[in-house]
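Thanks for asking me to take a look at this one. Have the structure open beside you as you read.

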Amino acid sequence: MTAGFVQLRDTRFVALGQAADAWQAYGRRVTTLEDRSVHTLIGPLHRSGWAGPAASAALPRVDAVDDQFEIRARTARLVDVVLDEAAARFAQLQTALHDQLEAAQAAGFRVGEDGVARRLHDEDSSAADEWTRRIADVVHRAQRLDEQVAGVLGGLRPDGHGRTGADDWNRMSDAATGVAAWLGVDPKRVPRPGSDPQQVADWWKGLTDQQRQLYLDAYPHLVGNLDGLPATDRDTANRLALRSHLAELTGAGDDRDLERSRRLLDRLERNEYGDPKEQLFLLGLDNTGDGRAIVAVGNPDDAANTCVLVPGVGTTLDGMSGEIDRATTMQRGAYAQAVGTGESVSVIAWLGYDSPEADWSAISHKRAEAGAPLLDGFVDGLHVTHGSGPAHTSVLGHSYGSTVVGNAAHSGDGLAADDIITAGSPGMDVNTVADLQIDPHHVWAGAAKDDPIAGPLGSIWGIHDNEPTDPSFGANRYHVDTSGHSGYWASDSQSLANISRIVIGDYDRVTLDHGRAP
C-alpha cells in the first residue's frame, strides 16, 4: 500500500490530461493523413484506369493503408478519451486523499509515508485505526481505477503486423465497447427503431461529443438506422457495422451474405475517389434475410433538393449497387437540369423495406403497408436533420415502390414531401390523387407505352387500384419517351429530364401529356 499511497498523494495527474491532448492531436494528424492519402495517393491510382494482374495485387494493399489510417485514428481518439477520463477520476481521488490527510492532521494525527495514521502524542490510540482505514479506502479505490484503466488501454493495442483484416476491426469494436462500458455509455439508452425523429435528434444533441463518438464506435448497429441522426453520423456508424459484419462472416460459410456485403463496402469506398458531389452516405443497413440498405448520393443534410427513390419488386441487398447507379444517374440528371442555379442535389436509394419477390407477393398489399411507416419516418428524419437553407424534398416510387409511397402518403398525416413521383406504377392503393394528402398538382406519374406493369396489363388487373397515369386519377402525367419497365433513367431521354426537373422544382419545364404544373 505504501507505493500506492505515495503515488496518489504526490503524482501530478495533469500530465495524464496533457497526454490525452497529445493523443487527440495525433488522432487529428492521422485523420489528415488519411484524407490526404485518399485524395493524393490512393485516389489517383483508382482513377487512373490501371488494370491487370499488377493492379489486382497492388490496389488491395494500397486500400489497406487507408484502412490502417482509419484504425489508428479511431484508436488514438479512444486513448484520448480514456486518458482524459482517467486524469479526471485520479484527480478526484487525489483530492479526496488530501482532504483526509488535512482532516487527520487537524484532529491531531500524523500520517506517515506508509499511509498509517498515528496520534502525535499517543501512538497507541485506537482512533488512529479509523483514519488509517479511511486513507486506505481512497488508495484502494485508486488502485482499482488503475487496474481498470490498464485493462481498457490494453484492449487498444494494435497488433503491429501492418495489414488490415477481420481481426483488426473485431479488436477495434471490442476495444470501443470496453471503453464505452467503462464510461457508462449504455446501449439501453439508445432510442428504439421507429422512434420519433425529432426525439432522436434531441437525444443525440443532448450527448457530449465524447458520448456521441463512443455510441458510434461501440454500438454502430444500434444508432446507424435511427431517423433523426445526421447523415454523416449514420454513415460512420453503418460503415463500422458493415465492417464488423464482414469480420463476423469471415470463415462463417455464408458466401452470399459475405459477397454482397463485400460488394457494398467496395462500392462505398470506390466512390471516395470520385466526384465529391457523388460521395456516398450509408444511411441504413440490415443484413438479415434479403437485406436492406439506404444509400444517399450526396449529403441530404446539405442539399437544396433531395429525392428519395423507392425501388420495386425483386430488389435486395445483392443488387444494391444497381440502385446506387440509378440514384447516381438521377443526381447527374438533376444537376444537368440545374446548370447555373448553384443548387445542390442528393438522391437516396431507399431499400428500407422488404420488397416483394417476383411472385404472388407482388400483388399483395402487405409489403407496401409494412414499408409505409418506415418510409414516412425516414422522410420526416430528413427534415429534422437538414441544415439551414431551402429543402425541396421529393419521393419517387418505381414499380411496387410507388405502392409503398401511396400507402405512406394516404396514411396518418401523409408524407412530408413537396412532390410525389411515380414511374411504372402498378397502382398506389388509392383511387385518386385526393387520397394522397398533397396538392394534386405536385403528384407526377409516368409510364412507358410498353411497360407491362403500368401499361395495359397493369390497368386491366387493377390490383393496386387506379393506375396513376390514368386521367381519372388526377395526377400530372409527365412525358415518357423510353421503353420497358426500367428504362425511365436512360441518358438523354425526356423521361429522365422530366424527372430531374421535378426533383429540382423546375415545374414549368416539365413536358406533360395531361395535367397542369403548379
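Here are a few notes on a helix and two pockets.

1. A word first on what you're looking at: this is a predicted model.

2. Start with helix 3, which covers residues 53–106. Does its length add up, or is it off? At 1.5 Å a residue, its 54 residues should span 80 Å, and the C-alpha atoms at its ends sit 80 Å apart, so the two agree. Just past helix 3, have a look at glycine 108, which takes a positive phi of about 95°.

3. Next, the largest pocket, with a volume of about 1200 Å³. Which residues lie nearest its centre? They are Thr31, Glu34, Arg74, Arg77 and Thr236, out of 39 that line the pocket. Helix 2 (14–47), helix 3, helix 7 (209–218), helix 9 (231–249) and helix 10 (255–270) each give two or more residues to this lining. By class, the lining has 19 charged, 11 polar and nine nonpolar residues.

4. The second largest pocket holds about 830 Å³ of space. It is lined by 40 residues, and the closest to its centre are His221, Gly224, Asn225, Leu285 and Asp286. Strands come in here too: among the elements giving two or more residues are strand 3 (280–286), strand 4 (292–297) and strand 6 (345–351), along with helices including helix 5 (166–182) and helix 12 (366–385).

5. Which element gives the most to the lining of that second largest pocket? Helix 9 does, with six residues. As for classes, this lining divides into 16 nonpolar, 16 polar and eight charged residues.

Terms used. Residues numbered from 1 in each chain as written. Predicted model: local features only at pLDDT ≥ 70, side-chain atom pairs only at ≥ 80, totals over all residues. Heavy atoms only, no water. Helix = DSSP H or I, 4+ residues; strand = E, 2+ residues; numbered from the N terminus. Expected span 1.5 Å × (residues − 1). 1 Å grid on protein atoms, 1.4 Å probe; cavity = no way out; pocket = protein on both sides within 12 Å on 5 of 7 lines; lining within 4 Å. Points joined across faces, edges and corners; volume = space filled by probe spheres on them. Nonpolar A, V, L, I, M, F, W, Y, C, P; charged D, E, K, R; others polar.
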